[in-house]
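Me: I am new to this structure and would like a close look at one part of it. Could you begin with a single residue and work outward to its surroundings, explaining each term as it comes up?

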Amino acid sequence: MIARPEPFYFKHGPQGIILLHAFASNPNDVRLLARQLERLNYSVYAPMLTGHGTGDFTDILVNANPPQIWQADVQKAIEFMRAEQMESISIFGISLGGAFLPLGH
C-alpha cells in the first residue's frame, strides 16, 4: 500500500515560511526545499490544498469554486503559523501555489 502525501511542518526557527504546491501535486513537491530552509533556521509549513493528494486527480475539481477554497486553505496556513508565534511569515508557491497571496495583507 502506498502512503498518501500529507501536509508537514518543520518547526525550527522564529521565522516562518509557508510553501504551496502546484496544481496537480501535493506537499512532497516542496519537501527538499523545506528541509534546506529548515537547515537555515526557518520553520516551514507545507499545507495540502483541498482536493489534492487523494490519488484521484478529479478530486481537485470536485468543488464548485476551487480557487476560493484554496484561498481559504492559504488563510488557514497563515493562521496556523501565527498560532506558532512566528516573528515573520513568508509565502512561496510553485505554479498554482504561487497564485495565492494572503487577502488583506
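Reply: V30 is found in the loop between β2 and α1, where the helices (H or I, at least four residues) and strands (E, at least two) are DSSP runs numbered from the N terminus. Residues are numbered from 1 along each chain as its sequence is written. This is a predicted model, in which local features need pLDDT of at least 70 and side-chain atom pairs count only at pLDDT 80 or more, while totals for chains, interfaces and linings use all residues; side-chain values use heavy atoms, with hydrogens and water left out.

At 3% relative accessibility, V30 counts as buried, a word that means under 20% relative accessible area, whereas exposed means over 50% and partly exposed lies in between (1.4 Å probe, protein chains only). Leaving aside neighbours within four places in sequence, V30 is in contact with F8, L19, L20, A46 and I94, contact being heavy atoms within 4.5 Å. Q71, by comparison, is 41 residues from V30 along the chain, and their C-alpha atoms are separated by 19 Å.

Two of the residues that V30 touches, F8 and A46, also face each other, since A46 in β3 is the bridge partner of F8. Their pairing belongs to an open sheet of four strands, in the order β1-β3-β2-β4 and with mixed pairing, where two strands pair if DSSP finds at least two bridges between them. Because β1 and β4 stand at the edges with a single partner strand each, one side of each has no neighbour in the sheet. On average, and ignoring direction, neighbouring strands here are turned by 15 degrees against each other; axes are lines fitted to C-alpha atoms, for helices over the stretch in contact, and angles run from 0 to 180 degrees between N-to-C directions.

Going through the pairs, β1 and β3 are antiparallel over three bridges, β2 and β3 are parallel over four bridges, and β2 and β4 are parallel, joined by six bridges. I18 takes part on both sides, standing opposite I91 in β4 and having Y45 as its bridge partner in β3. Four of the five residues of β3 are buried, so β3 is largely enclosed by the rest of the structure.

The two helices can now be placed against this sheet. Helix α2 (residues 66-83) has 18 residues and reaches 25 Å from its first C-alpha to its last, close to the expected 26 Å, the expected span being 1.5 Å times one less than the number of residues. α2 lies across β1, β2, β3 and β4, and runs at about 160 degrees to β2. Its buried residues include W70, V74 and M81, and among the elements that cover the buried residues of α2 are β1 (8-10), β2 (15-20), β3 (42-46) and β4 (88-93).

A nonpolar core is a set of buried Ala, Val, Leu, Ile, Met, Phe, Trp, Tyr and Cys residues joined through side-chain atoms within 4.5 Å. Of the 13 residues in the largest such core, I18, L20, W70, V74, M81, L96 and F100 touch the most other members. Both β2 and α2 give two or more residues to this core, and α2 supplies the largest share, five residues. A second, separate core of nine residues includes F10, I17, V44 and A46.

Helix α1 (residues 31-39) also packs on the sheet, touching β1, β2 and β3. Within α1, the side chains of E38 and R35 meet in a salt bridge (2.7 Å, N to O), that is, a side-chain nitrogen of Lys or Arg within 4 Å of a carboxyl oxygen of Asp or Glu. Being three residues apart in helix α1, the two are separated by about one helical turn. E38 is buried, with a relative accessible area of 16%, while R35 counts as partly exposed at 34%.
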